[in-house]
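Pull up the model and have the sequence beside it. Let's take a walk through it together.

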Amino acid sequence: MRGRIVLAFLLVMAALGVDPTSSQAQTPQQKERTAVPTREQMRQKMNENLLVLMCGSLGAPYIQLGHDISVVVNDGDNLRILPVVSDGALTNVRDVLYLRGVDLGITTVQILNTLRTSNEFGPNLDRQITYIAPLSVDTLHILARPGIERIEDLKGKKVSFNSKGSGTARFTPLVFKALGIDVQETTMAQGDAIEAMRNGELDATACSCPMPLPAFPAVKPEWGFRFLDVPYIPAFEQDYVPANIANENYPNLVAKEHKVQTIATSTILIAFNWARGNEHYKRIEKFVDAFFSKANELRKPPRHPAWRDVNMAGTIRGWQRFAAAQEWIDRNAAKPAPASIDSTLARAQAAGSAPRDPAEQERLFQEFLKWSQRQKP
C-alpha cells in the first residue's frame, strides 16, 4: 500500500513537471539541511572577508590599537580583522610590501619618509604604499633607574630600544647620537626591559609609542624609576615636534603639576596600493567603510586613549591615501580634510600632554607653528 502511495506521488509530480529531488519538492527541514554551505563555500567566504593587520610586540601599544580595530570592525564572517604580533613599525612596511596574505600594517610617517629616501625596500615606495588614516601620536618615553637624573647621565650606560625591528630600535639611537650621548644599545620588549631594570641589568628603556604604554602603569612608585627630559634641538625639526608627558598620562610616574619634556612623531595605518577592482582592493575597501563608519566607537572606553585625539581625516604630506579611503572621506566629510597632518598632530599631542591646561596646550601648538614655518622651502 505504501509503495503505491509513493508511486502515485511520483507520477503526480512528474505530471506537474516538478523534479521530486529538487528544492521545490523538499520539506522545510530538507531545505534547511541543504542550505548549509559546503566546506569549500565556507572556506571561500571566510578568506575573502579576512584582512591581516601587522601590529607590534606584546605589551606595546600597536598591538592594542590593532586589537581595538578588530573588536570594533569585526562582523562575523562578513568582515574579520586579524591583528598579528610583529617586530614593529619598520618590518610592518616590509610585510605589507612583500608578505603574502598581509593586507594592513601600522607604522610611522618618519619610517616611511626614511625608507623612501634610502630605497631600502626598493624605489618608488610612495607609489607602492598608501595610508588609510593617522592612528595616534608616538611620544618618546625614556624611563630610567634610580640615580639617573638626566638623559646625559646615560652616557656609557645600557639602554634598551624596544623590540628589534621596531621604529624605536631604528630611530631612537639617532636621537641619542644627535644629543652627543653614546650608550650601550640593546633591544627587548618593554615588560622584559622593566624587569631587567629592576634586576640591575639595564639602566633605561626607550619607546616611541602612543600614551599610555601598557607596561608603564604597572611600575610602582617605590621602585624609583623616572622619565627623563628630552630636549628639543634643531636636529629634530625634520621628524619630530615638541611634546610633554604629564601626570594625567602616568600618575604613578609623573608628579602632579610636573611635565616631562620630550618629542613626538605620528603613527599611521598603511596598505599596499592595489589596483582598483583587484580582489585585495575590494577587501580593503570593505574594511575602509566599516573602519571610518565606526570611528566613534574607537574613541570610547575601554579602547586605547590615543584614539580620542586622532583626526582620521588628517592628511600625510608627500604620501597618497588609499583611493577607497579618500573617496569615503570625500563623501562623508562635512568640510575638507586638513591640508597637513602636522597641525592635527600638534593639537592632539598638546591636548594629550596638557588636558587640563589650555594655556600650556596653546604654548605647545605655537611651538609647532614655528617649527612648521621652518619646514617651508
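What follows goes from confidence to some backbone details and then to a pair of packed helices.

Keep in mind that this is a predicted model, so a look at confidence is a sensible start. The protein chain has a mean pLDDT of 84, with 79% of its residues at 70 or more. There are low spots, though. One of them covers residues 9–13, where pLDDT stays under 50 and the model has three contacts beyond four places in sequence. Another is residues 335–341: here the pLDDT is again below 50, and the stretch has 14 contacts in the model beyond near neighbours in sequence.

Now to the backbone, beginning with the cis peptide bonds. M211 and P212 are joined by one, with omega at about -5°. To find P212, go to the loop that runs between β7 (204–209) and β8 (226–227). A cis peptide bond also links two prolines, P301 and P302, and there omega is about 5°. For P302, look in the loop between α11 (295–298) and α12 (323–332); hang on to α12, as we'll come back to that helix.

Next up, positive phi values. N119 isn't a glycine, yet its phi is positive, near 60°. This residue sits in the loop between α6 (109–118) and α7 (125–128). Is N119 buried or exposed? Neither, strictly: its relative accessible area is 42%, so N119 counts as partly exposed. E257 is another non-glycine residue with a positive phi, near 70° in this case. You'll spot E257 in the loop between β9 (241–246) and β10 (259–272). With a relative accessible area of 78%, E257 is over the 50% cut-off and therefore counts as exposed.

On to the helix pair. Two packed helices are described by the angle between their axes and the distance between the axes, so those are the values to look for. Helix α10 (residues 279–293) packs with α12 at an angle of about 35°, and their axes are 9 Å apart. Which hand does the crossing of α10 and α12 have? It is right-handed.

Which residues make the contact? From α10 come Y281, E285, V288, D289, F292 and S293, while α12 brings in A323, A324, A325, E327, W328 and I329. Sort the residues of this contact by character and you get eight nonpolar, one polar and three charged. Zoom in on Y281 and F292 of α10 and W328 of α12 if you want some aromatic residues of the contact to look at.

Notes: Residues are numbered from 1 along each chain as its sequence is written. This is a predicted model: local features need pLDDT of at least 70, side-chain atom pairs count only at pLDDT 80 or more; totals for chains, interfaces and linings use all residues. Side-chain values use heavy atoms; hydrogens and water are left out. pLDDT is the predictor's confidence in each residue, from 0 to 100. Contact means heavy atoms within 4.5 Å. Helices (H or I, at least four residues) and strands (E, at least two) are DSSP runs, numbered from the N terminus. Buried means under 20% relative accessible area, exposed over 50%, partly exposed in between (1.4 Å probe, protein chains only). Axes are lines fitted to C-alpha atoms, for helices over the stretch in contact, and angles run from 0 to 180 degrees between N-to-C directions. A crossing is left-handed if the near helix is turned anticlockwise from the far one by less than a right angle, and right-handed if clockwise. Ala, Val, Leu, Ile, Met, Phe, Trp, Tyr, Cys and Pro count as nonpolar, Asp, Glu, Lys and Arg as charged, and the others, Gly among them, as polar.
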